[in-house]
2 protein chains.
Amino acid sequence: MGTVVVDVMLKSEILDPQGQAVAGALPRLGFNQFTDVRQGKRFELTVQGEVTDEVLAAARSAAETMLSNPVIEDVVGVRAESNDAGSQVAEPLA
Amino acid sequence: MGTVVVDVMLKSEILDPQGQAVAGALPRLGFNQFTDVRQGKRFELTVQGEVTDEVLAAARSAAETMLSNPVIEDVVGVRAESNDAGSQVAEPLA
């Protein structure tokens, strides 16, 4: 089984109140490093078998037509990802 | 300016009605390749300057304490990303 990951973010000129709320809350918890926060969506599409170029093309088409609203959102990433816990996985916290 | 990307997904045992709605709608648009869809969140945290190990550690801590609900969600990725749209390449550390 393969997985295709699709990342969708609001266009930079679109106001992002969720991201602003997070950005405003971070300093109150002591995180002063971050000057801006944007919040978007991440989809994991599961396919039977390998993630072929055809599957990626279908995912890209689905991302543009259904997973995002092209008026206000950009598809910023469409890529295959292994199902095994890999380099993308954060360090587990106790 | 650097960007840290944080990916948060519902735990696999948690029902994901948004993902199910997308999975149910895809075949109606002709996308029959995908057997399952899960929808999660993607945060872009902007920092002044380089994304250092310290910044990544702070982002990881923020991800666990504020950007996700550890009861129902997993932080599946915390990584540096260049500001170029679509690029998944991590920024070189100073």
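# How chain A meets chain B

Colleague: With which residue of chain B does A:Arg42 form a salt bridge?

Modeller: The model is a predicted one, and in it the closest N and O atoms of this pair are 3.4 Å apart. A salt bridge requires such atoms to be within 4 Å, and the residue that A:Arg42 reaches in this way is B:Asp7.

Colleague: How many residue pairs are in polar contact across the interface of chain A and chain B?

Modeller: The salt bridges between chain A and chain B come to 2. For polar contacts, where both residues have to be at pLDDT 80 or more, the number of pairs found across this interface is 10.

Colleague: Which element gives the largest share of the side of chain A that touches chain B?

Modeller: Two or more residues come from each of β1 (2-10), α1 (17-25), β2 (34-47), α2 (53-67) and β3 (73-81) of chain A. The largest share amounts to 14 residues, and the element that supplies it is β2(A).

Colleague: How many residues on that side of chain A are nonpolar?

Modeller: Chain A brings 38 residues to the contact, and chain B brings 40. On the side of chain A, 8 residues are charged and 9 are polar, while the nonpolar residues number 21.

Colleague: How much area do chain A and chain B bury between them?

Modeller: The size of an interface is often given as the accessible area lost when the parts come together. Here 66% of that area lies on carbon and sulfur atoms, and the total buried between chain A and chain B is about 3,500 Å².

Colleague: Which residue of chain A comes closest to the rotation axis?

Modeller: Chain A superposes on chain B, with an RMSD of 0.0 Å, after a rotation of 180 degrees with 0.0 Å of shift along the axis. That is the relation of a two-fold axis. Strand β2(A) pairs with β2 (residues 34-47) of chain B in the antiparallel sense over 13 bridges, and in β2(B) it is B:Lys41 that stands opposite A:Lys41. At 2.3 Å, taken at the C-alpha, the residue of chain A that comes closest to the axis is A:Lys41.

Colleague: Why can one say that the copies meet through the same surface, and what share of residues supports this?

Modeller: The comparison is between the interface residues of chain A and those of chain B. The copies meet through the same surface because the share of chain A's interface residues that are also interface residues in chain B is 89%.

Note on methods
Residues numbered from 1 in each chain as written. Chains lettered and ligands numbered in written order. Predicted model: local features only at pLDDT ≥ 70, side-chain atom pairs only at ≥ 80, totals over all residues. Heavy atoms only, no water. Contact = heavy atoms within 4.5 Å. Buried area = accessible area lost by both parts, 1.4 Å probe. Salt bridge = Lys/Arg side-chain N within 4 Å of Asp/Glu carboxyl O. Polar contact = N/O pair within 3.5 Å; in protein donor to acceptor, adjacent residues only side chain to side chain. Helix = DSSP H or I, 4+ residues; strand = E, 2+ residues; numbered from the N terminus. Nonpolar A, V, L, I, M, F, W, Y, C, P; charged D, E, K, R; others polar. Pairing = 2+ DSSP bridges. Least-squares fit on C-alpha atoms with pLDDT ≥ 70 in both.
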